[in-house]
Amino acid sequence: MKELFAKISDLIRNECVSFQLFLTGSEIEGDSNFIFYMDSEEPLNMKTLTEFTRHISVLIDEGNFGDIPFTFEVSSPGADRPLTDVRQYGKHIGRKFQITTIDGEEFEAQLINLINNQTSLIAEWNIAAQIQLSAQVKAKPKAKPKHTRFEEQEKYADNRNQVHAPQPKLATVPEIANGDFPLLLMNKIIPVKGKKVNHELMALPFNQVKNAIIIISFK
């Protein structure tokens, strides 16, 4: 049965290209039901998936696949399955993910872009860093006292435009080895006390990702 499963898997891989699909995972359910999870770089068209299923069915009927009975299913991955192919990420830019790295670190992050080379990293990182910097809450000057002595009013006038908190700095572009591309440019979400969160700009090599699952929000 494993040899038959491998043979059907090869057929799926060879034929899916002409339908602009790619295989993201497969499994055997029970003794003889083969399930293949397909995706595309654009939003997955269910009509295309149906046409591809019919195409594979015809090739199986016309081909030499032995006499062992089996069934097969071609399905979309579903939102709860981890993304396994870097080509899946492009259509999910802007969405939040639950990330687990191969080192065991777990965190939530928002995908900003996919990066394929150092030049793109510098350009996209600086744009994202500027946006992140401008979005941070800046310290405000103290409110003008209502009833104070004349000296305190003068002190307020001298300092009214001063900001008394440390100002955030533009995040520095990280150095990435050529072998670590492609990268996921992300805003890492760091919980702090209360309901507040901090954000940290990061460039995560795709080869360091163990699991990446889309966070579905119902708000």
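## Exercises on strands, rings and unusual angles

An open sheet of 5 strands, in the order S7-S6-S5-S4-S8 and with antiparallel pairing, is the starting point for these exercises. The model is predicted.

**Exercise 1.** Work out which strands stand at the edges of this sheet.

*Solution.* Begin with the order S7-S6-S5-S4-S8. Strand S7 (197–205) and strand S8 (209–214) each have a single partner strand, so they stand at the edges, and one side of each is left without a neighbour in the sheet. Now look at the twist: on average, neighbouring strands of this sheet are turned by 35° against each other, direction ignored.

**Exercise 2.** Follow the pairings through the sheet and find the helix that packs on the sheet.

*Solution.* Take these pairings one at a time.

- S6 and S7 are antiparallel and pair over 9 bridges. Here isoleucine 190 stands opposite asparagine 198 in S7.
- Helix H3 (residues 118–135) packs on the sheet and touches strand S5 (106–115), S6 and S7. The direction of H3 makes about 175° with that of S7.
- Strand S4 (residues 96–101) runs antiparallel to S5, joined by 5 bridges. The two form a hairpin with 4 residues between them, and glycine 104 in the turn has a positive phi of about 95°.
- S4 is also joined to S8 by 5 bridges, again antiparallel.

Phenylalanine 97 is a good residue to pause on. Opposite phenylalanine 97 stands alanine 109 in S5, while the bridge partner of phenylalanine 97 in S8 is isoleucine 214.

**Exercise 3.** Describe the hairpin of S1 and S2 and its turn.

*Solution.* First, the pairing: strand S1 (residues 22–29) and S2 run antiparallel, with 7 bridges between them. Second, the turn: 3 residues lie between the strands, and glycine 30 has a positive phi of about 70°. Third, one matched pair: isoleucine 28 has phenylalanine 34 in S2 as its bridge partner. Keep phenylalanine 34 in mind for the next exercise.

**Exercise 4.** Decide how the rings of phenylalanine 34 and phenylalanine 70 are arranged.

*Solution.* A pair of aromatic rings is described by the distance of the centres and the angle of the planes. The whole structure holds 6 aromatic pairs. For phenylalanine 34 and phenylalanine 70, the centres are 5.3 Å apart and the planes make 20°. Planes under 30 degrees apart count as stacked, and this pair is stacked.

Next, place the partners in the chain. Phenylalanine 34 is in strand S2 (residues 33–39), and phenylalanine 70 is in the loop between helix H2 (46–62) and strand S3 (71–75). They are 36 residues apart, so the pair links distant parts of the chain. Both phenylalanine 34 and phenylalanine 70 are buried. Ring pairs also gather Phe5, Phe34, Phe36 and Phe70 into a cluster.

**Exercise 5.** Which charged residues sit over the rings of phenylalanine 65 and phenylalanine 22?

*Solution.* Over phenylalanine 65 sits the charged end of lysine 7, 4.9 Å from the ring centre. Over the face of phenylalanine 22 lies arginine 87, at 4.1 Å from the ring centre.

**Exercise 6.** Find what is unusual about the backbone at glutamine 20 and at proline 182.

*Solution.* Start from a rule: most residues other than glycine have a negative phi, and most peptide bonds are trans. Glutamine 20 has a positive phi, near 60°. Glutamine 20 is in the loop between helix H1 (2–16) and S1, and is exposed, with a relative accessible area of 67%. Proline 182 is joined to phenylalanine 181 by a cis peptide bond, with omega about 5°. Proline 182 lies in the loop between helix H4 (150–159) and strand S6 (183–191).

Methods. Residues are numbered from 1 along each chain as its sequence is written. This is a predicted model: local features need pLDDT of at least 70, side-chain atom pairs count only at pLDDT 80 or more; totals for chains, interfaces and linings use all residues. Side-chain values use heavy atoms; hydrogens and water are left out. Rings of Phe, Tyr and Trp (its six-membered ring) pair if their centres lie within 6.5 Å; planes under 30 degrees apart count as stacked, over 60 as edge-to-face and the rest as tilted. Buried means under 20% relative accessible area, exposed over 50%, partly exposed in between (1.4 Å probe, protein chains only). A charge sits over a ring if NZ of Lys or CZ of Arg is within 6 Å of the ring centre and within 35 degrees of the ring normal. Two strands pair if DSSP finds at least two bridges between them. Axes are lines fitted to C-alpha atoms, for helices over the stretch in contact, and angles run from 0 to 180 degrees between N-to-C directions. Contact means heavy atoms within 4.5 Å.
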